[in-house]
Structures are given as structure tokens and as C-alpha cells.
Amino acid sequence: MSLIYRRRAYQPKYTQVISDYLGEIVPFAKRVDKLYLVIPMVFLKTIEWSIYRWYETPIRRFYGIKGNELIYMITKRCNARCPKCGIWKQPESNDQHLHVSHFINCLKRLHYNLYQVTLTGGEPLLYKMDVMRIAEEARKLNVPMVIVSNGTFLDKQFLERYNELGHILVISVDSVEKDKWNEFRGRKDFDIVMPKIILARHVLGDKLRIQSVYAKETASEIPKVIEFCRKHGIKHNIQLHQDFHGDWHDPDGATMVDNDTPCAARKNICIYPNGDVVKCFDHRKIPLAEEPLGNIAKQDIIEILCSKRSTEISKIMKTCNLRCKNMSCNKSQNLLFK
């Protein structure tokens, strides 16, 4: 046991302990089919619950070791105006933007459980200093990190330090033709970003990735992006179109849902720009998850994730069949990019 868990007790209020215990034990007892087994099974479950409660973080009994991805939408703000995405249309105000220290505290609390931390947006590099602080901390905690960016704010100094930290950078590219690029970005920045992609390839090597959205609008462009990546030795991934309140459309004949695959997002921990915690950014489509699980600026992340509603939502998501289950954030980096 000592090889896996460190003895650092988490001490919530007694009412939270009781609520947490009952929230796990009661549903478990109901699943025991044979009446004569209820008492011994509950006894054994109580022992398990107690061990996981008082050794390291309680969320291990739900998710296991290195079983989670922490995804931080650091901002909804973006310098681009991509028609595929509507996130930039509703940027957070200054008073709604989480101070980076709250997220770093969250990262420190969870790092034993994380196989990856991902920063997305909006455009994450609008907050380049905060991003670098998180990247530095992730390195100290031995948690791999991924940034998903449009590439506009990349520079040599940032790339060289990011490369030293050993993290991965993903740049969104849906066309390598100038006119289509500018149309897809809503900005005439092809001549600005393309040289930065080449620079990133030179500095980061195989830690640079390119991701494209496969939509009706990009069907004829993606083969060109794939050829560009092959030419420059950049790993590439295709993300099926998802509805982020943009103007693009699903590709013809694309299969968006796989009924036989459990949704991996139930193990995700997602943070909005204001600190709200959800399981996935589409969780509000689940009735029980219409409201956030909590806010890391006001509550400890362990307390949030160990709440009864959080565990119940995870159970629901195991059989959830919303189209967002196909998003790349629900898949390992090793499986995504080729």
C-alpha cells in the first residue's frame, strides 16, 4: 500500500464524510442481488472506502492512478473569428476570469491522478504568461501537458522554453491554401501563422502536432493538410466536426456516435475560464449536470469530485451517447496523431 499511496490525510467536514460515504455505499448496496450478501459486501466496501478516503486523494477510488485528463478552457477569448466555432462570440469578462493560482492549486491537488493536462480556449496564448506558469508547474509535477492553439502568438522564446519542458503543442489547421485559410479563420493571417508553424516544427520537432476539423466545408481541404504534414514530418489528427454554435455542417456520411464504446469523458475534469468544474464541456445536455459541480476558486477540487452528484454523473456518462464522445479530448495522444 505504501508504494502506491502517500499517507497525507484529507480532512473534510464530518457532514461531507457522511454524505460521501452514503453516496457511494447506498447505491452499491442496491446493486447486490442476493440479500444474504448485502451485509458482508457492504462491510468489505466500507473497508475499501476507508482506505481510499484516508490515503492520498479520495478520487482514486473512482478513477484510479493516472486515470484522468485535466482540461482547462483558460479563456473564451480569441483573436480569430472562425465560423466553425461560436466560443469567441461570448468572451468572459475580466471579473469572470480565474486567477491562474487557483488552477495551479487544482493541478497540485490532482497530479497523482493525471495522465495529461490540456489547455484550450478560445486562444490559450492570449494568456501566454499564465500558460507558461502552468507548463512549468506541470513539468515539476511530472504531468504531460498539451496546448491547443491557433498559432498566432507563437514566438521563438516561448517555443524554446516550451520545448525544454517537453510538452506538446497542437495547432489547429483546416486548410493550407491561403484564400481558404483566411476564410476559415475569419482573419487574413495566413502569412503570419504559416511561418510560425515551420518555426515550431524546427524548435519542437515531433512534439508539434496539427489537428484539422473534418466538416462539410473542409472535406476537400484536409487531404492537402495531410500532405503538408507529411512533407514537413508533422503528426496529424482529424477531429470530427462538433457543434460549438458555429456555422459549419457535419460531413456527408460521417458516423458521429459509436454505441458500443463507453464515453471516456466521464474521467475528464474540465475547468471553465471562471473556475466552474464539469465532467465535459457538453455536460449540460445531461439533466443531472445542468449546473457545474463546483468552482475551484471557492472549493477544493477533491471535495467537488467526491460529491454524490459528481459520481452519479460519471455513472450516467459511462453509457452516454452524445456526439461529443468522439472528440479528441476523449482519446489518448498516442492514438490520435499519426
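## Exercises on strand S7 and helix H7

Two bridges join strand S7 to strand S8 (residues 276-278), and these strands run antiparallel. The structure is a predicted model.

**Exercise 1.** Determine how many residues lie between S7 and S8 in their hairpin, and which residue stands opposite isoleucine 271.

*Solution.* Begin with the pairing: S7 and S8 are antiparallel and share two bridges. Next, locate the facing residue in S8, which is valine 277, opposite isoleucine 271. Finally, examine the turn: four residues separate the two strands of the hairpin, and glycine 275 in that turn has a positive phi of about 100°.

**Exercise 2.** Establish in which sense S7 pairs with strand S1 (residues 68-73), and whether the residues on the faces of S7 are buried or exposed.

*Solution.* First, consider the bridges: S1 and S7 are linked by four of them, in the parallel sense. Leucine 70, for example, has isoleucine 269 of S7 as its bridge partner. Then take the faces of S7 (residues 268-271) in turn. Asn268 and Cys270 lie on one side, Ile269 and Ile271 on the other, and all are buried, so both faces are covered.

**Exercise 3.** Identify the buried residues of helix H7 (residues 178-185) and explain why they are on the same side of H7.

*Solution.* Apply the cut-off of under 20% relative accessible area. The residues of H7 that are buried are Trp181, Asn182, Phe184 and Arg185. Because they cover an arc of only 165° around the axis, they are on the same side of H7. Their cover includes strand S4 (168-172) and helix H8 (190-204). Lastly, glycine 186 follows H7 and has a positive phi, near 70°.

How values were computed: Residues numbered from 1 in each chain as written. Predicted model: local features only at pLDDT ≥ 70, side-chain atom pairs only at ≥ 80, totals over all residues. Heavy atoms only, no water. Buried < 20%, exposed > 50% of the residue type's maximum accessible area, 1.4 Å probe, protein only. Arc of directions from axis to C-beta. Contact = heavy atoms within 4.5 Å. Pairing = 2+ DSSP bridges.
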